[in-house]
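Welcome! Please take a moment to look over the structure shown here before reading on.

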Amino acid sequence: VYYTTKEYTSLTESTSGEYCGIGSYVSQDLKTNVITLTNPFEGGPAAKAGIIAGDILLKVNGVDIKDYILDNVVAMMKGEPGTEVVLTVSRNGKELEFTVIRAKIEVPTISYEMKEGNVGYIKIEEFDEITVKQFKEAIDTLTEKGMTSLAIDVRNNPGGLLSSVGDMLDYLLPKGKLLVYQEYKNGNRDNLYAKEKDHMDLPCAVLINGNSASAAEIFAGTMQSYGEAFLIGTQSFGKGIVQSIIPLSDGSAFKFTTAKYYLPNNVCIHGVGLTPDYVLELEKNEEGIVEVDNQLQTALELLSVMASDN
């Protein structure tokens, strides 16, 4: 992929966790190219304008984006604070138009709460630079409140930075454990090991689905391969390749595929994905709305039993 100077600047901002834009996560189905607004930030510009999770993006400022890659569409939606961007979406078969006022966004990549039975719940939206700090704060806060088991939700998480997912796994797994490795076409490997002494010895579940990809799959797959967590949900996306960005002198950049990711059990999930220990489809009503999150509910019930057995 080639990034113009503007696109590369936008990409750098997004991985830092701060940018100016509409305030919503988006995902793209690589088979159909359909782009979905998956999670407008509470109180953010998109949510204020009326955008809701599940809206399918059709146009940005009147431009049909059906043949655009996700990165370019994201760049179109970003801009100076106070400026407008018009989004045309499809919702339940109806075409709707919203005018969104851009603003400076600090991405809330982590949300957490204590569930019934002292089960901690952490939702990870993506793996940015700021995610590591937010994750550790969530773990520490829940631990102080008496957490006895933990559910980590990476459903609809498109991935992010390998360095971030490595630091987060390091916070959970024993020192010296192989977290993930990259293998190049010449056979050389780069191994990433846990370095911290901290080890969370609690029953753990990781929720995944078909939109859990890349770094999210590394996180879930590494926890599963060591028996540190059971996976629940549906088959993950299956992105096990590494992209490296090469900046050019004019401020633009190229992104190349340079290696494959392998889990500690020597499995590359590219094109295959992760299979949950408990395969469970998310239940929706006739209108396609989730009334009760049965995947999360089942995870919480299993964790409560496991914690009581310990």
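The report below looks at a sheet, the helices on it, and a cavity.

## The sheet

Keep in mind that this is a predicted model. A good place to begin is an open sheet of six strands, which run in the order β10-β11-β12-β15-β16-β19 with mixed pairing. At its edges stand β10 (110-115) and β19 (278-279). Each of these has a single partner strand, so one side of each is left without a neighbour in the sheet.

Now follow one pair within the sheet. Strand β11 (residues 119-124) runs parallel to strand β12 (residues 149-153), and five bridges link the two. If you find I122, you can then look for its bridge partner in β12, which is I152.

## Helices on the sheet

Helix α4 (residues 131-144) packs on this sheet and touches β10, β11 and β12. The direction of α4 makes about 10 degrees with that of β10.

Another helix to look for is α6, which also packs on the sheet. Its contacts are with β12, β15 (204-208) and β16 (230-233), and its direction makes about 140 degrees with that of β15.

## The cavity

How many cavities of 30 Å³ or more does a search of the whole structure find? There is one, and the space in the largest cavity is about 40 Å³.

You can trace its lining through V180, S214, E217, I218, Y261, Y262, L263, V267 and I269. Two elements, α6 (215-225) and β18 (253-262), each give two or more residues to this lining. By type, the lining has seven nonpolar residues, one polar and one charged.

Note on methods: Residues numbered from 1 in each chain as written. Predicted model: local features only at pLDDT ≥ 70, side-chain atom pairs only at ≥ 80, totals over all residues. Heavy atoms only, no water. 1 Å grid on protein atoms, 1.4 Å probe; cavity = no way out; pocket = protein on both sides within 12 Å on 5 of 7 lines; lining within 4 Å. Points joined across faces, edges and corners; volume = space filled by probe spheres on them. Helix = DSSP H or I, 4+ residues; strand = E, 2+ residues; numbered from the N terminus. Nonpolar A, V, L, I, M, F, W, Y, C, P; charged D, E, K, R; others polar. Pairing = 2+ DSSP bridges. Contact = heavy atoms within 4.5 Å. Axes fitted to C-alpha atoms, helices over the stretch in contact; angles between N-to-C directions.
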